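Colleague: I have a model open on my screen and would like some help reading it. Could you take me through a few features, one at a time?

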Amino acid sequence: MAEQQLIPHLFRTEYSKLVAVLCKYFGIEHIEAAEDIASETFLSALETWTYKGIPQNPVAWLYAVAKNKVKNQISRKHLFTEKIAPQIKYLSSDIGEIEIDLSEKNITDSQLQMLFALCHPSISAEAQIGLSLRILCGFGIDEIANAFLSNKETINKRLYRAKEILRLNKVEIEFPPETEISKRLETVLTTLYLLFNEGYYSESRDTILREDLCLEAVRLTYLLIDNESTNQPNTNALLALMCFHSSRFATRRNENGEIILYNDQDETLWDKELISKGIYFLKQSSQGNTISKYHLEASIAYWHTIKNDTKEKWENILQLYNHLLQIQYSPIAALNRTYAISKTYGKQEAILEAEKLQLTNNQYYFSLLGELYKDIDSKKAIANFEKAYSLAITQSEKQIIKKKIEKILQ
Amino acid sequence: MKEFVLIFRTSANPDFKPSAEQIQQMMTSWMDWMNGIEAKGQLANRGTRLGISNAKVVMPGNMVTNGPFTEVKEFINGYMIVKTNSIDEAVKIAKECPMVKGGGGSVEVRTAVSSDDNS
(Lines give C-alpha, C1' and ligand atoms only; values in the text may rest on other atoms or scores of the structure.)
Protein backbone atom coordinates (compact mmCIF):
# COMPACT_ATOMS: atom_id res chain seq x y z
CA MET A 1 0.00 0.00 0.00
CA ALA A 2 1.36 3.43 -0.88
CA GLU A 3 2.46 5.61 2.01
CA GLN A 4 -0.24 8.16 1.21
CA GLN A 5 -3.03 5.68 1.79
CA LEU A 6 -1.24 3.73 4.48
CA ILE A 7 -1.50 6.35 7.19
CA PRO A 8 -5.22 7.13 6.93
CA HIS A 9 -5.86 3.42 6.56
CA LEU A 10 -3.88 2.61 9.70
CA PHE A 11 -5.71 5.28 11.65
CA ARG A 12 -9.09 4.06 10.62
CA THR A 13 -8.47 0.39 11.34
CA GLU A 14 -5.93 0.34 14.16
CA TYR A 15 -7.33 3.18 16.22
CA SER A 16 -10.63 1.38 16.58
CA LYS A 17 -8.97 -1.96 17.35
CA LEU A 18 -6.83 -0.40 20.08
CA VAL A 19 -9.78 1.38 21.64
CA ALA A 20 -11.92 -1.77 21.64
CA VAL A 21 -9.23 -3.93 23.24
CA LEU A 22 -8.15 -1.31 25.79
CA CYS A 23 -11.70 -0.43 26.70
CA LYS A 24 -12.54 -4.08 27.16
CA TYR A 25 -9.52 -4.26 29.48
CA PHE A 26 -10.31 -1.12 31.49
CA GLY A 27 -14.11 -1.30 31.49
CA ILE A 28 -16.57 0.96 29.71
CA GLU A 29 -16.39 3.63 32.39
CA HIS A 30 -12.86 4.36 31.20
CA ILE A 31 -13.68 4.64 27.56
CA GLU A 32 -11.95 8.02 27.44
CA ALA A 33 -8.75 6.64 28.94
CA ALA A 34 -8.77 3.99 26.23
CA GLU A 35 -9.27 6.63 23.56
CA ASP A 36 -6.47 8.74 25.06
CA ILE A 37 -3.96 5.90 24.98
CA ALA A 38 -4.90 5.07 21.40
CA SER A 39 -4.47 8.74 20.46
CA GLU A 40 -1.15 8.98 22.29
CA THR A 41 0.07 5.91 20.46
CA PHE A 42 -0.57 7.67 17.19
CA LEU A 43 1.06 10.81 18.52
CA SER A 44 4.22 8.80 19.20
CA ALA A 45 3.97 7.44 15.68
CA LEU A 46 3.76 10.98 14.38
CA GLU A 47 6.82 12.06 16.30
CA THR A 48 8.92 9.04 15.41
CA TRP A 49 7.83 8.13 11.91
CA THR A 50 8.16 11.62 10.54
CA TYR A 51 11.91 11.44 11.18
CA LYS A 52 12.65 7.74 10.88
CA GLY A 53 10.13 6.79 8.26
CA ILE A 54 7.39 4.20 8.59
CA PRO A 55 8.65 1.00 10.23
CA GLN A 56 8.64 -2.36 8.46
CA ASN A 57 5.63 -3.56 10.38
CA PRO A 58 3.70 -0.44 11.43
CA VAL A 59 0.88 -2.39 13.08
CA ALA A 60 3.27 -4.32 15.33
CA TRP A 61 5.00 -1.03 16.15
CA LEU A 62 1.70 0.58 17.17
CA TYR A 63 0.69 -2.40 19.33
CA ALA A 64 4.07 -2.50 21.08
CA VAL A 65 3.90 1.23 21.82
CA ALA A 66 0.31 1.00 23.03
CA LYS A 67 1.21 -1.83 25.41
CA ASN A 68 4.11 0.21 26.79
CA LYS A 69 1.89 3.21 27.24
CA VAL A 70 -0.54 1.18 29.31
CA LYS A 71 2.31 -0.05 31.49
CA ASN A 72 3.72 3.45 31.87
CA GLN A 73 0.34 4.85 32.75
CA ILE A 74 -0.21 2.24 35.40
CA SER A 75 3.27 2.53 36.87
CA ARG A 76 3.00 6.30 36.94
CA LYS A 77 0.22 5.81 39.47
CA HIS A 78 -1.73 8.29 37.49
CA LEU A 79 -5.47 7.94 37.43
CA PHE A 80 -4.82 4.28 36.85
CA THR A 81 -3.70 2.82 40.14
CA GLU A 82 -6.23 4.90 41.97
CA LYS A 83 -9.22 4.68 39.72
CA ILE A 84 -8.83 1.95 37.18
CA ALA A 85 -6.43 -0.57 38.62
CA PRO A 86 -8.69 -1.71 41.48
CA GLN A 87 -11.35 -2.48 38.94
CA ILE A 88 -9.19 -4.40 36.53
CA LYS A 89 -9.93 -7.97 37.33
CA TYR A 90 -6.67 -9.52 36.27
CA LEU A 91 -4.31 -6.86 37.52
CA SER A 92 -1.56 -8.20 39.69
CA SER A 93 0.76 -6.03 41.71
CA ASP A 94 3.59 -6.69 39.30
CA ILE A 95 3.38 -4.35 36.37
CA GLY A 96 5.58 -6.66 34.33
CA GLU A 97 2.67 -9.05 34.18
CA ILE A 98 0.20 -6.66 32.62
CA GLU A 99 -0.59 -8.19 29.31
CA ILE A 100 -2.75 -6.46 26.77
CA ASP A 101 -3.91 -9.14 24.38
CA LEU A 102 -3.73 -7.73 20.87
CA SER A 103 -4.21 -11.04 19.10
CA GLU A 104 -6.56 -11.13 16.15
CA LYS A 105 -9.05 -13.19 18.13
CA ASN A 106 -9.16 -10.84 21.07
CA ILE A 107 -9.46 -7.83 18.76
CA THR A 108 -12.45 -9.36 16.98
CA ASP A 109 -14.06 -10.46 20.24
CA SER A 110 -13.52 -7.05 21.82
CA GLN A 111 -14.99 -5.28 18.81
CA LEU A 112 -18.05 -7.53 18.81
CA GLN A 113 -18.61 -7.14 22.53
CA MET A 114 -18.07 -3.41 22.18
CA LEU A 115 -20.69 -3.35 19.44
CA PHE A 116 -23.18 -4.90 21.84
CA ALA A 117 -22.20 -2.44 24.57
CA LEU A 118 -22.53 0.62 22.32
CA CYS A 119 -25.85 -0.57 20.93
CA HIS A 120 -27.24 -0.68 24.43
CA PRO A 121 -30.97 0.04 24.50
CA SER A 122 -30.41 2.81 27.08
CA ILE A 123 -28.99 5.24 24.51
CA SER A 124 -30.67 6.72 21.46
CA ALA A 125 -30.22 5.21 18.02
CA GLU A 126 -28.48 8.38 16.83
CA ALA A 127 -25.98 8.19 19.67
CA GLN A 128 -25.45 4.47 19.04
CA ILE A 129 -24.52 5.19 15.44
CA GLY A 130 -22.29 8.11 16.40
CA LEU A 131 -20.46 6.11 19.07
CA SER A 132 -20.07 3.12 16.77
CA LEU A 133 -18.56 5.35 14.11
CA ARG A 134 -16.19 6.91 16.61
CA ILE A 135 -15.17 3.89 18.62
CA LEU A 136 -15.56 0.98 16.23
CA CYS A 137 -14.88 2.60 12.90
CA GLY A 138 -12.28 5.20 13.92
CA PHE A 139 -14.17 8.10 12.34
CA GLY A 140 -13.24 11.63 13.31
CA ILE A 141 -15.75 13.95 14.94
CA ASP A 142 -15.59 16.11 11.79
CA GLU A 143 -16.50 13.18 9.61
CA ILE A 144 -19.38 12.15 11.85
CA ALA A 145 -20.68 15.72 11.87
CA ASN A 146 -20.41 15.79 8.10
CA ALA A 147 -22.29 12.52 7.72
CA PHE A 148 -25.10 13.66 10.01
CA LEU A 149 -25.12 17.14 8.43
CA SER A 150 -24.51 18.49 11.89
CA ASN A 151 -21.69 20.35 13.61
CA LYS A 152 -18.82 19.23 15.80
CA GLU A 153 -20.23 20.66 19.04
CA THR A 154 -23.54 18.84 18.66
CA ILE A 155 -21.82 15.55 17.90
CA ASN A 156 -19.34 15.97 20.76
CA LYS A 157 -22.16 16.67 23.19
CA ARG A 158 -24.20 13.76 21.91
CA LEU A 159 -21.31 11.32 22.26
CA TYR A 160 -20.36 12.67 25.67
CA ARG A 161 -23.89 12.21 26.98
CA ALA A 162 -24.10 8.72 25.54
CA LYS A 163 -20.83 7.74 27.24
CA GLU A 164 -22.20 9.10 30.52
CA ILE A 165 -25.28 6.94 30.20
CA LEU A 166 -23.19 3.84 29.46
CA ARG A 167 -21.11 4.64 32.52
CA LEU A 168 -24.11 5.21 34.77
CA ASN A 169 -25.77 2.04 33.60
CA LYS A 170 -22.53 0.14 34.18
CA VAL A 171 -22.84 -1.48 30.79
CA GLU A 172 -20.47 -4.43 30.57
CA ILE A 173 -18.37 -5.07 27.50
CA GLU A 174 -19.34 -8.68 27.04
CA PHE A 175 -21.53 -10.95 25.00
CA PRO A 176 -25.10 -10.85 26.22
CA PRO A 177 -26.16 -14.09 27.89
CA GLU A 178 -27.45 -16.80 25.54
CA THR A 179 -31.05 -16.13 26.54
CA GLU A 180 -30.85 -12.45 25.66
CA ILE A 181 -28.75 -12.61 22.55
CA SER A 182 -31.61 -12.53 20.04
CA LYS A 183 -33.19 -9.51 21.67
CA ARG A 184 -29.95 -7.60 22.00
CA LEU A 185 -28.91 -8.59 18.47
CA GLU A 186 -32.06 -6.88 17.23
CA THR A 187 -30.84 -3.50 18.52
CA VAL A 188 -27.41 -4.08 17.04
CA LEU A 189 -28.92 -4.94 13.64
CA THR A 190 -31.11 -1.83 13.75
CA THR A 191 -28.04 0.32 14.42
CA LEU A 192 -26.11 -1.28 11.56
CA TYR A 193 -29.14 -0.89 9.29
CA LEU A 194 -29.36 2.81 10.17
CA LEU A 195 -25.61 3.23 9.82
CA PHE A 196 -25.81 1.79 6.34
CA ASN A 197 -28.77 3.99 5.43
CA GLU A 198 -26.95 7.01 6.79
CA GLY A 199 -24.25 6.37 4.22
CA TYR A 200 -26.55 5.29 1.43
CA TYR A 201 -29.05 8.12 1.67
CA SER A 202 -26.92 10.81 3.31
CA GLU A 203 -27.03 14.18 1.63
CA SER A 204 -23.40 14.78 2.45
CA ARG A 205 -21.50 15.83 -0.66
CA ASP A 206 -18.56 13.73 0.34
CA THR A 207 -18.97 10.61 -1.81
CA ILE A 208 -16.00 8.79 -0.31
CA LEU A 209 -17.28 9.39 3.19
CA ARG A 210 -20.74 8.09 2.32
CA GLU A 211 -19.29 4.96 0.77
CA ASP A 212 -17.07 4.49 3.84
CA LEU A 213 -20.11 4.53 6.11
CA CYS A 214 -21.69 1.76 4.06
CA LEU A 215 -18.48 -0.27 3.98
CA GLU A 216 -18.13 0.01 7.75
CA ALA A 217 -21.72 -1.14 8.25
CA VAL A 218 -20.95 -4.12 6.01
CA ARG A 219 -17.70 -4.86 7.87
CA LEU A 220 -19.43 -4.85 11.26
CA THR A 221 -22.22 -7.05 9.94
CA TYR A 222 -19.58 -9.49 8.70
CA LEU A 223 -18.20 -9.61 12.24
CA LEU A 224 -21.62 -10.82 13.38
CA ILE A 225 -21.77 -13.39 10.58
CA ASP A 226 -18.35 -14.76 11.54
CA ASN A 227 -19.49 -15.35 15.09
CA GLU A 228 -21.56 -18.46 15.66
CA SER A 229 -24.05 -17.08 18.15
CA THR A 230 -24.79 -13.93 16.14
CA ASN A 231 -24.82 -15.60 12.72
CA GLN A 232 -28.61 -15.69 12.69
CA PRO A 233 -31.08 -15.54 9.78
CA ASN A 234 -31.79 -11.83 10.42
CA THR A 235 -28.08 -11.01 10.30
CA ASN A 236 -27.74 -12.76 6.95
CA ALA A 237 -30.83 -11.01 5.60
CA LEU A 238 -29.42 -7.62 6.62
CA LEU A 239 -26.09 -8.37 4.97
CA ALA A 240 -27.90 -9.48 1.79
CA LEU A 241 -29.79 -6.18 1.78
CA MET A 242 -26.55 -4.23 2.15
CA CYS A 243 -24.89 -6.20 -0.66
CA PHE A 244 -27.77 -5.59 -3.08
CA HIS A 245 -27.87 -1.87 -2.33
CA SER A 246 -24.09 -1.48 -2.44
CA SER A 247 -23.99 -3.07 -5.87
CA ARG A 248 -25.50 0.13 -7.29
CA PHE A 249 -23.27 2.54 -5.41
CA ALA A 250 -21.13 3.58 -8.36
CA THR A 251 -24.09 4.35 -10.60
CA ARG A 252 -26.23 6.43 -8.25
CA ARG A 253 -24.59 9.80 -8.85
CA ASN A 254 -22.99 11.44 -11.84
CA GLU A 255 -19.61 13.17 -11.76
CA ASN A 256 -21.26 16.37 -10.51
CA GLY A 257 -22.74 14.56 -7.54
CA GLU A 258 -26.28 14.75 -8.90
CA ILE A 259 -28.59 11.85 -8.19
CA ILE A 260 -29.16 9.42 -11.05
CA LEU A 261 -32.56 7.79 -10.69
CA TYR A 262 -32.87 4.03 -10.84
CA ASN A 263 -34.36 3.99 -14.34
CA ASP A 264 -31.53 6.11 -15.72
CA GLN A 265 -28.75 4.06 -14.15
CA ASP A 266 -26.37 2.06 -16.30
CA GLU A 267 -27.05 -1.47 -15.07
CA THR A 268 -23.90 -2.83 -16.74
CA LEU A 269 -21.98 -0.93 -14.05
CA TRP A 270 -23.80 -2.64 -11.16
CA ASP A 271 -21.38 -4.74 -9.15
CA LYS A 272 -22.18 -8.34 -10.08
CA GLU A 273 -19.96 -9.80 -7.42
CA LEU A 274 -21.89 -7.98 -4.70
CA ILE A 275 -25.17 -9.10 -6.23
CA SER A 276 -24.11 -12.75 -6.10
CA LYS A 277 -22.89 -12.28 -2.52
CA GLY A 278 -26.30 -10.83 -1.72
CA ILE A 279 -28.02 -13.84 -3.24
CA TYR A 280 -25.79 -16.14 -1.18
CA PHE A 281 -26.63 -14.40 2.11
CA LEU A 282 -30.30 -14.20 1.21
CA LYS A 283 -30.27 -17.99 0.80
CA GLN A 284 -28.47 -18.35 4.13
CA SER A 285 -31.09 -16.15 5.76
CA SER A 286 -33.91 -18.52 4.83
CA GLN A 287 -32.67 -21.17 7.27
CA GLY A 288 -35.17 -20.43 9.97
CA ASN A 289 -38.83 -19.88 10.63
CA THR A 290 -38.86 -16.16 11.09
CA ILE A 291 -39.24 -13.52 8.42
CA SER A 292 -37.92 -10.15 9.47
CA LYS A 293 -38.19 -6.82 7.73
CA TYR A 294 -34.62 -7.38 6.58
CA HIS A 295 -35.72 -10.55 4.77
CA LEU A 296 -38.47 -8.64 2.99
CA GLU A 297 -36.38 -5.59 2.18
CA ALA A 298 -33.53 -7.79 0.95
CA SER A 299 -35.96 -9.72 -1.27
CA ILE A 300 -37.31 -6.47 -2.70
CA ALA A 301 -33.75 -5.26 -3.25
CA TYR A 302 -33.02 -8.56 -4.99
CA TRP A 303 -35.84 -7.97 -7.49
CA HIS A 304 -34.44 -4.51 -8.14
CA THR A 305 -31.15 -6.03 -9.24
CA ILE A 306 -33.08 -7.18 -12.31
CA LYS A 307 -33.61 -4.03 -14.27
CA ASN A 308 -36.18 -5.18 -16.82
CA ASP A 309 -39.81 -4.73 -15.81
CA THR A 310 -41.63 -8.04 -15.84
CA LYS A 311 -45.01 -8.96 -14.49
CA GLU A 312 -43.37 -11.49 -12.21
CA LYS A 313 -40.97 -8.89 -10.79
CA TRP A 314 -43.65 -6.37 -9.82
CA GLU A 315 -46.12 -8.92 -8.53
CA ASN A 316 -43.43 -10.24 -6.24
CA ILE A 317 -42.40 -6.77 -5.12
CA LEU A 318 -46.04 -5.87 -4.41
CA GLN A 319 -46.52 -8.97 -2.27
CA LEU A 320 -43.31 -8.29 -0.40
CA TYR A 321 -44.44 -4.73 0.35
CA ASN A 322 -47.83 -6.02 1.53
CA HIS A 323 -46.03 -8.35 3.91
CA LEU A 324 -43.59 -5.65 5.01
CA LEU A 325 -46.40 -3.26 5.88
CA GLN A 326 -48.01 -5.92 8.04
CA ILE A 327 -44.80 -6.38 10.01
CA GLN A 328 -43.91 -2.74 10.32
CA TYR A 329 -45.88 0.11 8.83
CA SER A 330 -43.92 3.00 7.43
CA PRO A 331 -45.13 5.78 5.13
CA ILE A 332 -42.24 5.24 2.73
CA ALA A 333 -43.00 1.53 2.44
CA ALA A 334 -46.65 2.39 1.84
CA LEU A 335 -45.66 4.78 -0.94
CA ASN A 336 -43.38 2.21 -2.48
CA ARG A 337 -46.21 -0.30 -2.35
CA THR A 338 -48.36 2.16 -4.29
CA TYR A 339 -45.69 2.39 -6.94
CA ALA A 340 -45.67 -1.41 -7.16
CA ILE A 341 -49.46 -1.30 -7.63
CA SER A 342 -49.07 1.08 -10.54
CA LYS A 343 -46.61 -1.31 -12.13
CA THR A 344 -48.89 -4.33 -11.58
CA TYR A 345 -52.45 -2.96 -11.95
CA GLY A 346 -51.95 0.38 -13.67
CA LYS A 347 -51.85 4.02 -12.67
CA GLN A 348 -55.57 4.59 -12.07
CA GLU A 349 -55.63 1.87 -9.46
CA ALA A 350 -52.45 3.25 -7.87
CA ILE A 351 -53.86 6.79 -7.65
CA LEU A 352 -56.85 5.48 -5.71
CA GLU A 353 -54.54 3.67 -3.31
CA ALA A 354 -52.15 6.60 -3.02
CA GLU A 355 -54.83 9.15 -2.21
CA LYS A 356 -56.00 6.99 0.66
CA LEU A 357 -52.63 7.56 2.32
CA GLN A 358 -52.95 11.36 2.63
CA LEU A 359 -49.32 11.88 3.55
CA THR A 360 -49.65 15.59 2.95
CA ASN A 361 -46.41 16.62 4.61
CA ASN A 362 -44.33 14.12 2.69
CA GLN A 363 -42.58 15.26 -0.49
CA TYR A 364 -42.36 11.71 -1.83
CA TYR A 365 -46.12 11.38 -1.58
CA PHE A 366 -46.58 14.32 -3.94
CA SER A 367 -43.73 13.20 -6.18
CA LEU A 368 -45.39 9.83 -6.55
CA LEU A 369 -48.79 11.38 -7.29
CA GLY A 370 -47.11 13.65 -9.83
CA GLU A 371 -45.53 10.61 -11.43
CA LEU A 372 -48.86 8.71 -11.51
CA TYR A 373 -50.83 11.63 -12.98
CA LYS A 374 -48.15 12.41 -15.57
CA ASP A 375 -49.85 10.67 -18.50
CA ILE A 376 -53.39 11.05 -17.19
CA ASP A 377 -53.81 14.67 -16.15
CA SER A 378 -50.82 16.94 -16.68
CA LYS A 379 -52.33 19.81 -14.66
CA LYS A 380 -52.73 17.60 -11.59
CA ALA A 381 -49.28 16.14 -12.21
CA ILE A 382 -47.69 19.60 -12.18
CA ALA A 383 -49.65 20.69 -9.11
CA ASN A 384 -48.41 17.64 -7.23
CA PHE A 385 -44.82 18.07 -8.34
CA GLU A 386 -44.98 21.70 -7.23
CA LYS A 387 -46.11 20.64 -3.76
CA ALA A 388 -43.27 18.12 -3.68
CA TYR A 389 -40.88 20.88 -4.75
CA SER A 390 -41.91 23.12 -1.89
CA LEU A 391 -41.48 20.28 0.62
CA ALA A 392 -38.13 19.07 -0.71
CA ILE A 393 -35.20 20.11 1.44
CA THR A 394 -32.07 19.38 -0.51
CA GLN A 395 -30.99 21.05 -3.71
CA SER A 396 -30.41 17.79 -5.52
CA GLU A 397 -33.99 16.71 -4.86
CA LYS A 398 -35.43 20.06 -5.87
CA GLN A 399 -33.45 19.83 -9.08
CA ILE A 400 -34.90 16.45 -9.97
CA ILE A 401 -38.46 17.63 -9.33
CA LYS A 402 -37.87 20.76 -11.40
CA LYS A 403 -36.69 18.67 -14.32
CA LYS A 404 -39.85 16.55 -14.10
CA ILE A 405 -42.07 19.64 -14.24
CA GLU A 406 -40.15 21.02 -17.19
CA LYS A 407 -40.52 17.72 -19.01
CA ILE A 408 -44.32 17.82 -18.69
CA LEU A 409 -44.46 21.43 -19.87
CA GLN A 410 -42.47 20.67 -23.01
CA MET B 1 26.28 22.39 -1.94
CA LYS B 2 26.21 23.44 1.67
CA GLU B 3 24.52 21.83 4.59
CA PHE B 4 21.99 23.69 6.71
CA VAL B 5 20.50 22.52 9.96
CA LEU B 6 16.79 23.11 10.38
CA ILE B 7 15.97 23.38 14.06
CA PHE B 8 12.32 22.95 14.93
CA ARG B 9 11.04 25.02 17.77
CA THR B 10 7.55 24.34 18.87
CA SER B 11 5.43 26.75 20.79
CA ALA B 12 2.67 24.23 21.22
CA ASN B 13 1.34 23.64 24.67
CA PRO B 14 2.79 20.28 25.81
CA ASP B 15 -0.58 19.44 27.32
CA PHE B 16 -2.26 19.90 23.96
CA LYS B 17 -3.94 16.67 23.00
CA PRO B 18 -4.52 16.46 19.27
CA SER B 19 -7.30 14.22 18.07
CA ALA B 20 -6.52 11.14 16.03
CA GLU B 21 -7.55 12.87 12.85
CA GLN B 22 -5.37 15.91 13.65
CA ILE B 23 -2.43 13.58 14.20
CA GLN B 24 -3.21 11.85 10.94
CA GLN B 25 -3.26 15.21 9.20
CA MET B 26 0.01 16.31 10.78
CA MET B 27 1.78 13.10 9.97
CA THR B 28 0.65 13.16 6.37
CA SER B 29 1.80 16.74 5.86
CA TRP B 30 5.18 16.15 7.54
CA MET B 31 5.82 13.07 5.47
CA ASP B 32 4.81 14.84 2.29
CA TRP B 33 7.18 17.66 3.15
CA MET B 34 10.13 15.44 4.01
CA ASN B 35 9.56 13.16 1.03
CA GLY B 36 9.53 16.22 -1.21
CA ILE B 37 12.91 17.34 0.13
CA GLU B 38 14.31 13.84 -0.26
CA ALA B 39 13.00 13.54 -3.81
CA LYS B 40 14.95 16.65 -4.78
CA GLY B 41 18.11 15.18 -3.27
CA GLN B 42 18.22 17.91 -0.65
CA LEU B 43 17.94 15.76 2.45
CA ALA B 44 21.36 15.28 4.05
CA ASN B 45 20.21 13.80 7.34
CA ARG B 46 16.71 12.97 8.55
CA GLY B 47 17.74 14.12 11.99
CA THR B 48 15.78 13.07 15.00
CA ARG B 49 13.09 14.14 17.33
CA LEU B 50 14.23 15.31 20.73
CA GLY B 51 12.09 14.00 23.55
CA ILE B 52 10.42 16.42 25.91
CA SER B 53 10.05 14.23 28.93
CA ASN B 54 13.22 12.66 30.25
CA ALA B 55 15.37 15.71 29.61
CA LYS B 56 18.09 17.20 31.79
CA VAL B 57 20.15 20.33 31.80
CA VAL B 58 23.70 19.99 33.10
CA MET B 59 25.32 23.14 34.43
CA PRO B 60 28.62 24.02 36.02
CA GLY B 61 28.89 23.29 39.69
CA ASN B 62 27.56 19.76 39.41
CA MET B 63 24.07 21.06 38.88
CA VAL B 64 21.65 18.92 36.96
CA THR B 65 18.07 19.97 36.48
CA ASN B 66 15.14 18.63 34.59
CA GLY B 67 14.57 20.20 31.22
CA PRO B 68 13.09 23.66 31.66
CA PHE B 69 10.62 23.03 28.94
CA THR B 70 7.33 23.96 30.44
CA GLU B 71 8.53 27.35 31.61
CA VAL B 72 9.91 28.53 28.30
CA LYS B 73 7.72 29.64 25.49
CA GLU B 74 9.41 27.59 22.83
CA PHE B 75 11.38 24.42 23.00
CA ILE B 76 13.43 22.55 20.46
CA ASN B 77 11.76 19.31 19.55
CA GLY B 78 13.89 18.11 16.67
CA TYR B 79 16.23 18.88 13.86
CA MET B 80 17.15 17.73 10.37
CA ILE B 81 19.86 18.64 7.88
CA VAL B 82 19.30 19.73 4.29
CA LYS B 83 21.82 20.41 1.56
CA THR B 84 21.25 23.30 -0.80
CA ASN B 85 23.31 25.82 -2.76
CA SER B 86 22.41 28.72 -0.54
CA ILE B 87 20.71 29.62 2.71
CA ASP B 88 17.89 31.14 0.67
CA GLU B 89 17.06 27.74 -0.73
CA ALA B 90 17.13 26.25 2.76
CA VAL B 91 14.82 29.01 3.95
CA LYS B 92 12.50 28.23 1.07
CA ILE B 93 12.31 24.65 2.30
CA ALA B 94 11.73 25.77 5.89
CA LYS B 95 8.87 28.02 4.80
CA GLU B 96 7.06 24.92 3.58
CA CYS B 97 7.47 23.10 6.90
CA PRO B 98 4.03 22.09 8.26
CA MET B 99 4.97 23.57 11.59
CA VAL B 100 5.46 26.98 9.98
CA LYS B 101 2.60 26.76 7.52
CA GLY B 102 0.09 25.42 10.01
CA GLY B 103 1.35 27.51 12.93
CA GLY B 104 2.49 26.05 16.19
CA GLY B 105 6.20 26.55 15.78
CA SER B 106 9.14 28.08 14.00
CA VAL B 107 12.15 26.75 12.16
CA GLU B 108 15.61 28.09 12.73
CA VAL B 109 17.94 27.71 9.74
CA ARG B 110 21.63 27.50 10.62
CA THR B 111 24.64 26.92 8.41
CA ALA B 112 26.60 23.79 9.24
CA VAL B 113 30.07 25.25 9.09
CA SER B 114 32.53 23.13 7.16
CA SER B 115 36.32 23.13 7.60
CA ASP B 116 36.92 25.10 4.41
CA ASP B 117 34.40 27.75 5.25
CA ASN B 118 35.34 30.24 7.86
CA SER B 119 32.75 32.87 7.07
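Modeller: Happy to; we'll go through chain B, the interface, some salt bridges, a histidine and two backbone angles. Keep in mind that this is a predicted model.

Colleague: Let's begin with chain B. How many helices and strands does chain B have, and in what order do the elements run?

Modeller: Chain B has 3 helices and 6 strands. Starting at the N terminus, the order is β-α-β-β-β-β-α-α-β. Of its 119 residues, 32% are buried. Among contacts in chain B with a separation of 6 or more, 75% are between residues 24 or more positions apart.

Colleague: On to the interface. What area is buried between chain A and chain B, and how many residues does each chain bring to the contact?

Modeller: The buried area is about 2000 Å², and carbon and sulfur atoms give 63% of it. Chain A brings 23 residues and chain B brings 22.

Colleague: How many salt bridges cross that interface?

Modeller: The general idea is that side chains of opposite charge can pair when their charged atoms come close. Here the rule finds 1 salt bridge across the interface: Glu47(A) with Arg49(B), at 3.3 Å from N to O. There are also 3 residue pairs in polar contact between the two chains. On the chain A side, helix 1 (3-26), helix 2 (31-52) and helix 7 (141-147) each give two or more residues. Helix 2 of chain A has the largest share, with 11 residues. By class, that side has 12 nonpolar, 5 polar and 6 charged residues.

Colleague: And how many salt bridges are there over all chains?

Modeller: The count is 24. Take Lys105(A) and Asp109(A), which meet at 2.6 Å, N to O. They are 4 residues apart in helix 5 (residues 104-118) of chain A, so about one helical turn separates them. Arg219(A) and Glu216(A) pair at 2.9 Å, and they sit 3 residues apart in helix 10 (residues 207-225) of chain A, again about one helical turn. Arg219(A) is partly exposed at 30% relative accessible area, while Glu216(A) is buried at 11%.

Colleague: Which parts of the chain does the pair Glu126(A) and Arg158(A) link?

Modeller: Those two side chains form a salt bridge at 3.7 Å, N to O. The pair links distant parts of the chain, 32 residues apart: Glu126(A) is in helix 6 (residues 125-136) of chain A and Arg158(A) is in helix 8 of chain A. Glu126(A) is partly exposed at 43%, whereas Arg158(A) is buried at 15%.

Colleague: Is His295(A) buried or exposed?

Modeller: Under 20% relative accessible area counts as buried. His295(A) has 8%, so it is buried. His295(A) belongs to helix 13 (residues 293-304) of chain A, and its side chain makes a polar contact with that of Ser292(A) at 2.8 Å. Leaving out residues up to four places away in sequence, His295(A) touches several others, including Pro233(A), Leu282(A) and Thr290(A).

Colleague: Last one: what should I make of the phi of Lys170(A)?

Modeller: Most residues other than glycine have a negative phi. Lys170(A) has a positive phi of about 50°. Lys170(A) lies in the loop between helix 8 (152-168) and helix 9 (181-201) of chain A, and is exposed at 66% relative accessible area. Gln358(A) also has a positive phi, of about 45°. Gln358(A) lies in the loop between helix 16 (347-357) and helix 17 (363-373) of chain A, and is partly exposed at 48%.

Notes
Residues numbered from 1 in each chain as written. Chains lettered and ligands numbered in written order. Predicted model: local features only at pLDDT ≥ 70, side-chain atom pairs only at ≥ 80, totals over all residues. Heavy atoms only, no water. Buried < 20%, exposed > 50% of the residue type's maximum accessible area, 1.4 Å probe, protein only. Contact = heavy atoms within 4.5 Å. Buried area = accessible area lost by both parts, 1.4 Å probe. Salt bridge = Lys/Arg side-chain N within 4 Å of Asp/Glu carboxyl O. Polar contact = N/O pair within 3.5 Å; in protein donor to acceptor, adjacent residues only side chain to side chain. Nonpolar A, V, L, I, M, F, W, Y, C, P; charged D, E, K, R; others polar.
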